[in-house]
Amino acid sequence: MLNIVLFGPPGSGKGTQSEKLIDKYGLTHFSTGDMLRAEQAANTELGLQAKKIMDRGELVSDEIIIGMIRNKIKGQSDAKGFIFDGFPRTVAQAEALDSVLKDLGIKIDLMLGLEVEKDELIDRLLKRGKDQGRTDDNLETIENRINVYECQTLPLTGYYDAQNKYRGVDGLGGIDDIFGRLCGIIESL
Ligand code: AMP
């Protein structure tokens, strides 16, 4: 089994690279952002609550996120492997993930971090806002999301580095070049 956390700031290319990794390695995808957007589309109570928080660029509570992931992972132990995209985003989420996986007798093998500088992230997200109409891809929310990432999410690299699982990857360049860098690390495991 190959279990990966794909890490990086908003706009670093996690969604794009996840799709390619899923194709190549047959992984099961867990994107908490996609799950929350699906809740919104279905007009659930959780979706309505989450929308307000997402539109401000803040984090949905650990309790909600952990509950959601726990439900989705259950019954998936025959998967070839998992790729977590946009999760965990706090140390509490990473600890909860370790505990859920431990119950299934599996663990995270690797955290791959896409490294992209702030100006480039803002350009990419403003473009995505125009192309895809995501309501949280506007300048004010983007700046808040990057801030939240730096304060609350970036410390997670230390959590995985302490277990020798963190590998940073240059997230600039062509999609296939970046994918090649990610695969190089996976195959060196
Ligand atoms: P994303 O699509 O991963 O950029 O997530 C969009 C928004 O959903 C974030 O700005 C958060 O408000 C919320 N969100 C997604 N994943 C998480 C998470 N793991 N923890 C807390 N909030 C999350």
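**Exercise 1.** In which loop does serine 77 lie? Classify the exposure of serine 77 as well, and compare its sequence and spatial separation from isoleucine 106.

*Solution.* The structure is a predicted model.
Step 1: Serine 77 belongs to the loop that runs between α4 (62-73) and β3.
Step 2: Its relative accessibility is 47%. A residue is called partly exposed when its value falls between the buried limit of under 20% and the exposed limit of over 50%; serine 77 is therefore partly exposed.
Step 3: Serine 77 and isoleucine 106 are 29 residues apart along the chain, and their C-alpha atoms are separated by 8.6 Å.

**Exercise 2.** Describe the surroundings of the ligand: how many residues surround the ligand, and how do the residues of the shell divide into nonpolar, polar and charged?

*Solution.*
Step 1: The ligand is surrounded by 16 residues, and the closest are Thr32, Arg37, Glu58, Arg89 and Gln93.
Step 2: By class, the shell holds six nonpolar, four polar and six charged residues.
Step 3: Among the elements of the fold, helix α2 (residues 32-41) gives the most to this shell, namely four residues.
Step 4: The ligand takes up the space of the largest pocket.

**Exercise 3.** Identify polar contacts of the ligand with arginine 37, glycine 86 and arginine 134, and state how much of the ligand the protein covers.

*Solution.*
Step 1: The cut-off for a polar contact is a pair of N or O atoms within 3.5 Å.
Step 2: For arginine 37, an N or O atom of the side chain is 2.9 Å from an oxygen atom of the ligand.
Step 3: For glycine 86, the partner is a polar backbone atom, which is 3.0 Å from a nitrogen atom of the ligand.
Step 4: For arginine 134, an N or O atom of the side chain is 3.4 Å from an oxygen atom of the ligand.
Step 5: On its own the ligand has 480 Å² of accessible area, of which the protein covers 96%.

**Exercise 4.** Find the place and exposure of glycine 15 and of arginine 181, then give one C-alpha distance for each.

*Solution.*
Step 1: Glycine 15 is part of helix α1 (residues 14-25). With a relative accessible area of 33%, glycine 15 is partly exposed.
Step 2: Glycine 15 and aspartate 85 are 70 residues apart in sequence, while their C-alpha atoms are 7.1 Å apart in space.
Step 3: Arginine 181 is part of helix α9 (residues 175-187). Its relative accessibility is 30%, so arginine 181 counts as partly exposed.
Step 4: Arginine 181 and lysine 102 are 79 residues apart in sequence and 29 Å apart in space, C-alpha to C-alpha.

**Exercise 5.** Examine the backbone at proline 88, asparagine 43 and asparagine 164.

*Solution.*
Step 1: The peptide bond that leads from phenylalanine 87 to proline 88 is cis, with omega near -5 degrees. Proline 88 sits in the loop between β3 (82-85) and α5 (91-103).
Step 2: Asparagine 43 has phi near 55 degrees, a positive value in a residue other than glycine. Asparagine 43 is placed in the loop between α2 and α3 (45-56), and at a relative accessible area of 56% asparagine 43 is exposed.
Step 3: Asparagine 164 has phi near 60 degrees, again a positive value in a residue other than glycine. The loop between α8 (156-161) and β5 (166-170) contains asparagine 164, which counts as exposed at 55% relative accessibility.

Notes
Residues numbered from 1 in each chain as written. Predicted model: local features only at pLDDT ≥ 70, side-chain atom pairs only at ≥ 80, totals over all residues. Heavy atoms only, no water. Near = heavy atom within 4 Å. Polar contact = N/O pair within 3.5 Å; in protein donor to acceptor, adjacent residues only side chain to side chain. Areas by Shrake-Rupley, 256 points an atom, 1.4 Å probe, with all protein chains shown as cover. 1 Å grid on protein atoms, 1.4 Å probe; cavity = no way out; pocket = protein on both sides within 12 Å on 5 of 7 lines; lining within 4 Å. Sits in = over half its atoms within 2 Å of the grid points. Helix = DSSP H or I, 4+ residues; strand = E, 2+ residues; numbered from the N terminus. Nonpolar A, V, L, I, M, F, W, Y, C, P; charged D, E, K, R; others polar. Buried < 20%, exposed > 50% of the residue type's maximum accessible area, 1.4 Å probe, protein only.
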